[in-house]
Amino acid sequence: MLVIDWGTTNLRAYLCSADGDILEAVSSSRGIKSLAREDYPVVLNELILSFAGHAIETVIISGMAGSKNGWLEAPYCEVPTRIGDLKGSLVSLPAQIVGYLVPGIKVVKADDSSDVIRGEEIQIYGAIEHLKVNSALLCLPGTHSKWVRVDKGTIIDFSTFMTGDVFQGLGNTILGCKASDGFCEGAFLQGLSASHEIAGGLLHQLFTGRTKMLDGLLDGSEVSSYVSGLLLGHELSEATHYLTNDETVIVIGSDHLCQRYLLALKENNINALSLSSDIATCRGVAALLKQEE
């Protein structure tokens, strides 16, 4: 089967076994923000051709390709959501290919605000299947970081934090944050501590990245790591309200993001383990398809 995680900026495609083992993988910058609706069949056919020599019988697409701004909308399921609910709400591809778009999930909070996930839902089910757990707190860092509570195999609640988006936006400020500055663990830990030690809240604390550089306490290239720690500290102060007892947080994502979250969680005396988003995506699709059995 062909599994595609089709995001806003990029996409990742995996040729997988029925059990979700990754046989081959390719990535592309052809995310939905660069495509018109008529482009999707063309890009999909190019992906299929890139796995020449393999018979692909089924295509499963998760992520933003199923949003209103994507190829075709796969409407949100509402919590509580089991993997079987996703299976029952798959949307057929509008092409001469046997394939489906996976729906996202929506939650309405007690204060009547709402939150959504699209793409992460399949990774969540893949993680609990791969790790053989039935209930867990999961964190999926990224442009929009997600914290998700799963109980007895059911997604019951989640919250989104725009941590990555805000960090990128601060690149256009006097702080000049950019990922290319690299990662400085010491500066990151300073920012993490400052998030709860310096008075004045986040908007004031952010400017201390500037003053610490002026005072010679940070190099210019370390400001980005300091600000990253600040932002993540504020995210954790809210997200860890989901924690119960001494449970282990499951962090799903790329290595460089997981590294920061694992470090921050350790500093807060919270147990955590990480899982590649590639593995989680493919295991999730395999578990989804097995709902037919």
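Let me open with a single residue, R12, which is partly exposed, with a relative accessible area of 31%, in what is, I should say at once, a predicted model. R12 forms a salt bridge with D5, and the closest N and O atoms of that pair are 2.9 Å apart. The partner sits in another environment, because D5, with a relative accessible area of 10%, falls under the 20% cut-off and is therefore buried. The pair does not stand by itself, since D5, R12 and D278 are linked in a network of salt bridges.

From R12 we can step to helix α9, which covers residues 277-289 and in which S277 is found. S277 has a relative accessibility of 11% and so counts as buried. If we leave aside the neighbours within four places in sequence, what is S277 in contact with? The list consists of R12, Q123, I252, G253 and S254, and two of these names lead elsewhere in this talk: R12 takes us back to the network with D5 and D278, while Q123 takes us to helix α3, where Q123 is one of the buried residues.

Helix α3, then, runs over residues 120-130, and because 9 of its 11 residues are buried, the helix is largely enclosed by the rest of the structure. The buried residues are E120, E121, I122, Q123, I124, Y125, G126, A127 and I128, so you will find two glutamates, E120 and E121, listed there. Just after α3, K132 takes a positive phi of about 60 degrees.

Let me return to charged pairs, of which the salt-bridge count comes to 8 in this model. As a general matter, side chains of opposite charge can pair when their charged atoms come close. One such pair is K290 with D19, whose side chains meet in a salt bridge at 2.9 Å, N to O. K290 lies in the segment after α9, and D19 in the loop between β2 (11-16) and β3 (22-28), so this pair ties together parts that are 271 residues apart in sequence. Are the two ends of that bridge buried or partly exposed? K290, at 35% relative accessibility, counts as partly exposed, and D19, with a relative accessible area of 43%, is partly exposed as well.

A further bridge joins D21 and R283, whose side chains meet at 3.0 Å, N to O. Here D21 lies in the loop between β2 and β3 while R283 belongs to helix α9, so the pair ties together parts that are 262 residues apart in sequence. D21 counts as partly exposed at 36% relative accessibility, and R283 counts as partly exposed at 21%.

Finally, let me place these details in the whole chain. The protein has 9 helices and 15 strands, and of its 293 residues 47% count as buried. With that number of residues, a compact globule would have a radius of gyration near 19 Å, and the 20 Å computed for the protein agrees with this; the C-alpha trace spans about 65 × 40 × 35 Å along the principal axes. Among contacts with a separation of 6 or more, 63% come from residues 24 or more positions apart. The protein exposes about 13700 Å², with carbon and sulfur atoms supplying 49% of that area. As for the charges, there are 21 positive and 35 negative, and their mean positions are 2 Å apart.

How values were computed. Residues numbered from 1 in each chain as written. Predicted model: local features only at pLDDT ≥ 70, side-chain atom pairs only at ≥ 80, totals over all residues. Heavy atoms only, no water. Helix = DSSP H or I, 4+ residues; strand = E, 2+ residues; numbered from the N terminus. Rg over C-alpha atoms; globule rule 2.2 N^0.38 Å. Buried < 20%, exposed > 50% of the residue type's maximum accessible area, 1.4 Å probe, protein only. Contact = heavy atoms within 4.5 Å. Areas by Shrake-Rupley, 256 points an atom, 1.4 Å probe, with all protein chains shown as cover. Lys, Arg positive; Asp, Glu negative; His and termini not counted. Charge placed at Lys NZ, Arg CZ, Asp CG, Glu CD. Salt bridge = Lys/Arg side-chain N within 4 Å of Asp/Glu carboxyl O.
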